[in-house]
Amino acid sequence: MKKGKIDGKVFLLIITIVLFAVMYLAGILIFQSKGFAKPQVFLNLFISNAGLIVIAAGMTMVMITGGIDISVGSVVALTCMMLAWMMEVKGAGAVPALIIVLIMGILFGLVQGFLIAYLKLQPFIVTLAGMFFARGMTAIISQEMISVKNEMFLRWAKSKINLTFLGGTVNKKGAVNYPFLYPSVIIALVVLVLVFVLLKYTKFGRAIYAVGGNEQSALMMGLNVRRTKLLVYVINGFLCSLGGFLFALNTCAGFVEQAKGFEMEAIASAVIGGTLLTGGVGNVFGSLFGVLIKGTIETFITFQGTLSSWWTKITIAALLAFFIILQSLFAKAKEKK
């Protein structure tokens, strides 16, 4: 990158960050009387989307390799159902149930990664089969909603981290309420930082970008392309189950229709954050802002009060189309150079 010039991928990331800032400032101005400017409204973007942040981080890694994973929503549903079923039907403890679903996610990613990396099957077809399998297994376990009543799990779900430095408000009973976060947000942000460090500062991370940029060149450089792809899908499977656990902390239940369309939200967040569908370019912090943009749109609809929730999907679809067009324009400009 020449001095004084902004690289295309950096420019896409800047657009995403600016778009989020503009949208949030607009919300503050439009819904000022309804308390949009309160710190808790901003923190709720992270609380509501902690699971999606983790899953989007995994999806970003997969997409950088030039792959895709449309099974993540079904894996989240299976994770939630497994957690609820093991704790409420089989009487398992919260910790053993969590360990089992995390291992399940790793095995799920291992199988999909092996089929894609070593048998050279198309990622879309493999993960489509994974989507049907995981959703079907969710229904096999139970077609009824299972509510989680495990005491330890509920303590995890309800524990708050008060941010006293942001100041508090006094309610009608005279008690002071401080802005807060749940531990799920801390877990999500830690995962985000770890994935960023992995991609940015490790040999494995550089291999991921090399494989996505040009697989043939990566082979000529002596990189183990198949192992790299396999490990990416294994990590993604683990992050899907971890994201499902964080999702379950919000819902405290498991049911068949849970997290439907989650895969598209994760893909959209990554693309809006600057990850190329063709691979080789991506940034997990860009995906974070993609998630926050989606959360901001949902907050707009909640504060407005009369709009349908489907407007979130319509707006995300428009933004997705916009960023795909931008990516195409940058790719053509790069080819001309």
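**Helices, buried residues and two unusual turns of phi**

Student: Which helix is S74 found in?

Tutor: S74 sits in helix α4. Keep in mind that this is a predicted model.

Student: Is S74 buried or exposed?

Tutor: Buried. Its relative accessible area is 2%, and the cut-off for buried is under 20%.

Student: What does the side chain of S74 reach?

Tutor: The backbone oxygen of M131, at 3.0 Å.

Student: And which residues does S74 touch, leaving out those up to four places away in sequence?

Tutor: M131 again, plus A134, R135, T138 and E263.

Student: OK, stay with α4. How close do the axes of α4 and α11 come?

Tutor: Within 8 Å. Helix α4 covers residues 72–88, and helix α11 covers residues 225–251. Their axes cross at roughly 55°.

Student: What do we call α4 relative to α11, then?

Tutor: Oblique. The angle of roughly 55° falls outside the ranges for parallel, antiparallel and perpendicular, so oblique is what remains.

Student: Is the crossing of α4 and α11 left-handed or right-handed?

Tutor: Right-handed.

Student: Which residues in α4 and α11 meet?

Tutor: From α4, they are V72, V75, V76, T79, C80 and L83. From α11, they are N236, C240, S241, G244, F245, F247 and A248.

Student: How many residues of that contact are nonpolar, polar or charged?

Tutor: The contact of α4 with α11 has 9 nonpolar and 4 polar residues, with no charged ones.

Student: What about α3 and α11? At what angle do they pack?

Tutor: About 170°, with axes 7 Å apart. Helix α3 spans residues 50–64.

Student: Why are α3 and α11 called roughly antiparallel?

Tutor: Because angles over 145 degrees count as roughly antiparallel. The angle here is about 170°.

Student: Which residues make the contact?

Tutor: Quite a list. On the α3 side: A50, G51, V54, I55, A57, G58, M59, M61 and V62. On the α11 side: V232, Y233, I235, N236, L239, C240, L242, G243, L246 and F247. By class, the contact of α3 with α11 has 15 nonpolar, 4 polar and no charged residues.

Student: Where is L52?

Tutor: In α3 too. L52 is buried, at 1% relative accessibility. Beyond residues up to four places away in sequence, L52 touches F262, E265, A266, S269, V291 and K294.

Student: How far apart are L52 and T251?

Tutor: Their C-alpha atoms are separated by 13 Å. Along the chain, they are 199 residues apart.

Student: New topic. Where is V195 found, and is it buried or exposed?

Tutor: V195 is in helix α8, residues 183–201. V195 is buried, with a relative accessible area of 6%.

Student: What is V195 in contact with, leaving aside neighbours within four places?

Tutor: A57, M61, L239 and V284. You have met A57 and M61 in α3, and L239 in α11.

Student: How far is V195 from I99?

Tutor: 21 Å in space, C-alpha to C-alpha, and 96 residues in sequence.

Student: How do α5 and α7 cross?

Tutor: At roughly 75°, with axes that come within 8 Å. That makes α5 roughly perpendicular to α7.

Student: Which residues meet there, in α5 and in α7?

Tutor: A94, V95 and L98 in α5 meet M152, F153 and W156 in α7. The contact of α5 with α7 has 6 nonpolar residues, no polar and no charged.

Student: What comes between α5 and α6?

Tutor: A loop, and K120 lies in it. K120 is exposed, at a relative accessible area of 60%. Phi of K120 is near 60°, a positive value.

Student: Why point out a positive phi?

Tutor: Because most residues other than glycine have a negative phi. A259 also has a positive phi, near 60°. A259 sits in the loop between β6 and α12.

Student: Is A259 buried or exposed?

Tutor: Buried, at 10% relative accessibility.

Student: Last one. What about T127 in α6?

Tutor: T127 is buried, at 0% relative accessibility. Its side chain reaches the backbone oxygen of F124 at 3.3 Å. Apart from neighbours within four places in sequence, T127 contacts I68, D69, I70, S71, Q112 and I116.

Conventions:
Residues are numbered from 1 along each chain as its sequence is written. This is a predicted model: local features need pLDDT of at least 70, side-chain atom pairs count only at pLDDT 80 or more; totals for chains, interfaces and linings use all residues. Side-chain values use heavy atoms; hydrogens and water are left out. Axes are lines fitted to C-alpha atoms, for helices over the stretch in contact, and angles run from 0 to 180 degrees between N-to-C directions. Helices (H or I, at least four residues) and strands (E, at least two) are DSSP runs, numbered from the N terminus. Angles under 35 degrees count as roughly parallel, over 145 as roughly antiparallel, 65 to 115 as roughly perpendicular and the rest as oblique. A crossing is left-handed if the near helix is turned anticlockwise from the far one by less than a right angle, and right-handed if clockwise. Contact means heavy atoms within 4.5 Å. Ala, Val, Leu, Ile, Met, Phe, Trp, Tyr, Cys and Pro count as nonpolar, Asp, Glu, Lys and Arg as charged, and the others, Gly among them, as polar. Buried means under 20% relative accessible area, exposed over 50%, partly exposed in between (1.4 Å probe, protein chains only). A polar contact is a pair of N or O atoms within 3.5 Å; within protein, one must be able to donate a hydrogen and the other to accept it, and residues adjacent in sequence count only if both atoms are side-chain atoms.
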